[in-house]
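User: Please take a close look at the nonpolar core of this predicted model. Which residues have the most contacts inside the largest core, and which elements give residues to it? After that, go through the salt bridges and one helix in detail.

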Amino acid sequence: MNGSGADTGARLTRIEALYSSDRDLAVEEAREWLRQLGPGDHGATSRRLELLIASVEVLEGDAGPGAALAQLALEWAVEHGDRVVQSRCHRLLSGVFETFGDFGLALEHAVAANELLDETEEPVVRAAALLSLADALASAGSYDESQRRYGEALQLIGNEDAKTIRITILNNSAWAYFLSHELEAALAAVDRLLRASAASDLPLTMYDRDTVARVYLT
């Protein structure tokens, strides 16, 4: 890889890592970079940036455009043998199919997303893939396996400034405990969630508050 390529790779890695701590800023930087790139095919760079932006749209409930984007990017990545882009496509598609209620396909894509990663990926990126797998396992009713993956994801981010993904992991873990009727474990997870929110000065989202409310009410 030449110097320009190395700089591009480092910049992409930084923005993808930023997504785990400040989602809005990461999306803003991704959109600005795409604007600078302009029209045309910019290979893996534009596709990774577009997938990052689409992931937020999927989280907000607009899964259709993200699904179409991920499918096209996946075809390109398979054709060009780009495992990095393939993994990110599968991760996004896992979230899409979970939104649509197809938990079998969500799990299939989550497994692929993790299998395509290697140890050179940033810990927060690997944690995001594990989070996707944990969510898919929980939706499929494999609660013990899902909790194991949530724990592994938390270990990966460790003490890094990854407050957004940390809170998401803790929230989803609490929700999985709630679904499996393990109420004491759900209460403990909610307590960790609230402490993490306070420590990072990051307000809970609507989904986080719903989890807290349901666990406390139960």
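Analyst: The largest nonpolar core of this predicted model has 30 residues, and Tyr 150, Ile 157, Ile 165, Ile 169 and Leu 193 are those with the most contacts inside it. Two or more residues each come from α7 (123-139), α8 (143-157), α9 (163-179), α10 (183-200) and α11 (206-217). Of these elements, α7 gives the most, with nine residues. Ile 165 shows what such contacts look like: leaving aside neighbours within four places in sequence, Ile 165 is in contact with Ser 20, Val 124, Ala 127, Ala 128, Leu 131 and Ile 157. A second, separate core has 21 residues, including Ala 67, Leu 74, Leu 133 and Leu 137.

Next, the charged pairs. The structure holds twelve salt bridges. One of them joins the side chains of Glu 16 and Arg 88, at 2.9 Å from N to O. Because Glu 16 lies in helix α1 (residues 3-18) and Arg 88 in helix α5 (residues 83-100), this pair ties together parts that are 72 residues apart in sequence. Both Glu 16 and Arg 88 are buried.

Within helix α8, the side chains of Glu 145 and Arg 149 meet in a salt bridge of 2.6 Å, N to O. These two are four residues apart, so about one helical turn separates them. Glu 145 is partly exposed, with a relative accessible area of 33%, whereas Arg 149 counts as buried at 16%. Elsewhere, salt bridges with shared partners join Glu 16, Arg 48, Arg 88 and Glu 121 into one network.

The helix chosen for detail is α2. This helix (residues 23-37) has 15 residues and reaches 21 Å from its first C-alpha to its last, close to the 21 Å expected at 1.5 Å a residue. Its buried residues include Ala 26, Val 27, Ala 30, Trp 33 and Leu 34. They lie on the same side of α2, because they cover an arc of only 125° around the axis. The face turned away from that buried side carries the exposed residues Asp 24, Glu 28 and Arg 35.

Arg 35 also forms a salt bridge with Glu 32, with 2.6 Å between the closest N and O atoms. Both lie in α2, three residues apart, about one turn of the helix. An α-helix has 3.6 residues a turn, so residues three or four places apart point the same way. Arg 35 counts as exposed at 57% relative accessibility, and Glu 32 as partly exposed at 32%. After α2 comes Gly 38, with a positive phi near 75°.

Definitions and conventions
Residues numbered from 1 in each chain as written. Predicted model: local features only at pLDDT ≥ 70, side-chain atom pairs only at ≥ 80, totals over all residues. Heavy atoms only, no water. Expected span 1.5 Å × (residues − 1). Buried < 20%, exposed > 50% of the residue type's maximum accessible area, 1.4 Å probe, protein only. Arc of directions from axis to C-beta. Core = buried A, V, L, I, M, F, W, Y, C linked by side-chain atoms within 4.5 Å. Contact = heavy atoms within 4.5 Å. Salt bridge = Lys/Arg side-chain N within 4 Å of Asp/Glu carboxyl O.
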